[in-house]
Amino acid sequence: MNHLMLYCRPGFEKEMAAEIQDKAVALDCFGFSRVVENSGYVLFECYGEEDADKLARRLPFRELVFARQMLVMTHELAELDPSDRISPILAAVANYPQCGELRVETADTNEAKELTTFCRKFSVPLRQALRGAGKLTQEETHRRPVLHLFFLANNHLMVGYSYTTNNSPFHMGIPRLRFPGDAPSRSTLKLEEALHVFVPADEWEIRLRSGLNAVDLGASPGGWTYQLVKRDMMVTSVDNGPMAESLMETGQVKHIKEDGFRYRPTKKNTYWLVCDMVEKPARVTHLIASWFRDGLCQEAIFNLKLPMKKRYAEVEHNLDMLKTWLAEIDEHFVIQAKQLYHDREEITLHVYNMQQLVRRKSGAIQ
Ligand SMILES: C[S@@+](CC[C@H](N)C(=O)[O-])C[C@H]1O[C@@H](n2cnc3c(N)ncnc32)[C@H](O)[C@@H]1O
């Protein structure tokens, strides 16, 4: 088989299919997608024999908006004998190189949740069998492919592999974050996930350091502000709605009851701009670009709420506009976009200026 498999949020299979179709062409890979609505994954069947592997190596995973995971699917095993599921799996991976990790997974759907316990239990004897067969090792795991078994039922699965340099490091492509009990809203996990996905951990000391100034547009009741306060930043929270008392008591939050589209800081000392306002995507995109044009922030994370229809087209349209506007200001802007696990009918974008960041890292600017 020569399929690229992409996990996505259930309900976004069409968007995932449109995106992979578009982006595969750029690498001269052609094919078609098999889409089952609400399945939580898409199979892109490539015409070229080696194309699925080529895409898994060369299509940058971080640039895919709707993909939670990307792997090469080599075998589909159906109607497995419950008394021996392991032998057919060993046969399927006979030509695989030694893998550094095993992930026994399912789709992120309610039906598939029932398989979670089975997957966890099954992974124990399977891991042993794979090690015994020399297909799995604990040495140099970062250099070796990840072996994925994606169960559709307890006797039906897909077998595939991903590259550690170009995949999601998380089981099922989902980072497990614990909801902080003292946060004012569950939305807090959206910003926390965005920081994990977009800001490399070894740069947190510079980019998320204490004392930085931040502005949170559409801040009430304060889930995003909470993430910034937790990192000892000083936050201006703009919203006509109330902010959680616990945040105001920290002394780190200034609450401004104003329209987020009108608010402008008086000083140019804001590092982070974050924005979670429920508004038309084009209006938010334009607002964020205008902050960069006016030199009012250094990095931004913001959400675009997607319409019910033509969601992929809307994403592309906004990304194109943003690219054009930012390129007019400076050629060093980087834009990242992802539908995060904690995003629902929305995607999250991140913008920063690479040249400024390099200068900051070298200590040339504070
Ligand atoms: C999804 S909620 C934000 C939740 C927040 N990020 C949190 O984590 O608690 C959207 C917020 O945007 C605010 N909002 C919408 N339009 C706005 C505008 N034009 N100016 C300021 N706030 C706005 C709403 O009042 C609402 O509180």
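A residue counts as buried when its relative accessible area is under 20%, as exposed when that area is over 50%, and as partly exposed in between. The structure above is a predicted model, and these words will be used throughout the walk through it.

Val25 is a place to begin. This residue is found in helix H1. Its relative accessible area is 38%, a value between the two limits, so Val25 is partly exposed. Together with Phe30, Phe32 and Tyr47, Val25 forms a nonpolar patch on the surface, and the accessible area of these residues together is about 400 Å².

Helix H1 (13-25) is followed by a loop that leads to strand S2 (31-35), and Asp28 is found in that loop. Asp28 has a positive phi of about 60° although it is not a glycine. As a general rule, most residues other than glycine have a negative phi. Asp28 is also exposed, with a relative accessible area of 55%.

The next subject is the sheet to which S2 belongs. Seven strands make up this open sheet, in the order S2-S3-S1-S4-S7-S6-S5, and their pairing is mixed. S2 and strand S5 (101-106) are the edge strands, each of which pairs on one side only. From one strand to the next, the twist averages 30°. In general, the strands of a sheet pair through backbone hydrogen bonds, in either a parallel or an antiparallel sense.

Both senses can be found here. S5 pairs with strand S6 (residues 146-153) in the parallel sense, over six bridges. In this pairing Glu101 has Val146 in S6 as its bridge partner. At the other edge, S2 and S3 pair in the antiparallel sense over five bridges, and Ser33 has Phe44 in S3 as its bridge partner. S2 and S3 form a hairpin with five residues between them, and in the turn Asn38 has a positive phi of about 65°. Strand S1 (residues 3-7) also pairs with S3 in the antiparallel sense, over five bridges; here the bridge partner of Tyr7 is Tyr41.

Are the residues of strand S3 buried or exposed? In S3 (residues 41-46), six of the six residues are buried. Both faces of the strand are covered: Tyr41, Leu43 and Glu45 are on one side, and Val42, Phe44 and Cys46 are on the other.

Glu45 is buried, with a relative accessible area of 13%, and its side chain meets that of Arg34 in a salt bridge with an N to O distance of 2.2 Å. This pair links strand S3, which holds Glu45, with strand S2, which holds Arg34; the two residues are 11 apart in the sequence. Arg34 counts as partly exposed, at 46% relative accessibility.

A further salt bridge involves the hairpin. Lys14 forms a salt bridge with Glu37, and their closest N and O atoms are 3.5 Å apart. Lys14 lies in helix H1 and Glu37 in the loop between S2 and S3, so the pair ties together parts that are 23 residues apart in sequence. Lys14 is exposed, with a relative accessible area of 54%, and Glu37 counts as exposed at 54% as well. The count for the model comes to 19 salt bridges.

Further along the chain, an unreviewed UniProt entry annotates residues 185-278 as "domain: Ribosomal RNA methyltransferase FtsJ". Over these residues the chain is 29% helix and 19% strand, and the end C-alpha atoms are 15 Å apart. The UniProt entry also places the feature "binding site" at several residues, including Ser220, Pro221 and Gly222. A cis peptide bond joins Ser220 and Pro221, with omega about 0°, whereas most peptide bonds are trans. Pro221 is in the loop between strand S8 (213-217) and helix H8 (223-230). Gly222 is found in the loop between S8 and H8 too, and counts as buried at 0% relative accessibility.

The last stop is around helix H11 (311-329). Lys310 is found in the loop between strand S12 (299-305) and this helix. Phi of Lys310 is near 50°, a positive value in a residue other than glycine, and Lys310 counts as exposed at 70% relative accessibility. Arg311 forms a salt bridge with Glu345, the closest N and O atoms being 2.8 Å apart. Arg311 lies in helix H11 and Glu345 in the loop between strand S13 (333-338) and strand S14 (346-353), so the pair ties together parts that are 34 residues apart in sequence. Glu345 counts as partly exposed at 36% relative accessibility, whereas Arg311 counts as buried at 10%.

How values were computed:
Residues numbered from 1 in each chain as written. Predicted model: local features only at pLDDT ≥ 70, side-chain atom pairs only at ≥ 80, totals over all residues. Heavy atoms only, no water. Helix = DSSP H or I, 4+ residues; strand = E, 2+ residues; numbered from the N terminus. Buried < 20%, exposed > 50% of the residue type's maximum accessible area, 1.4 Å probe, protein only. Patch = residues over 30% accessible without salt bridge, like charges linked within 9 Å, V, L, I, M, F, W, Y side chains within 5 Å. Areas by Shrake-Rupley, 256 points an atom, 1.4 Å probe, with all protein chains shown as cover. Salt bridge = Lys/Arg side-chain N within 4 Å of Asp/Glu carboxyl O. UniProt positions renumbered as here; feature names shortened; annotations may be inferred. Pairing = 2+ DSSP bridges. Axes fitted to C-alpha atoms, helices over the stretch in contact; angles between N-to-C directions.
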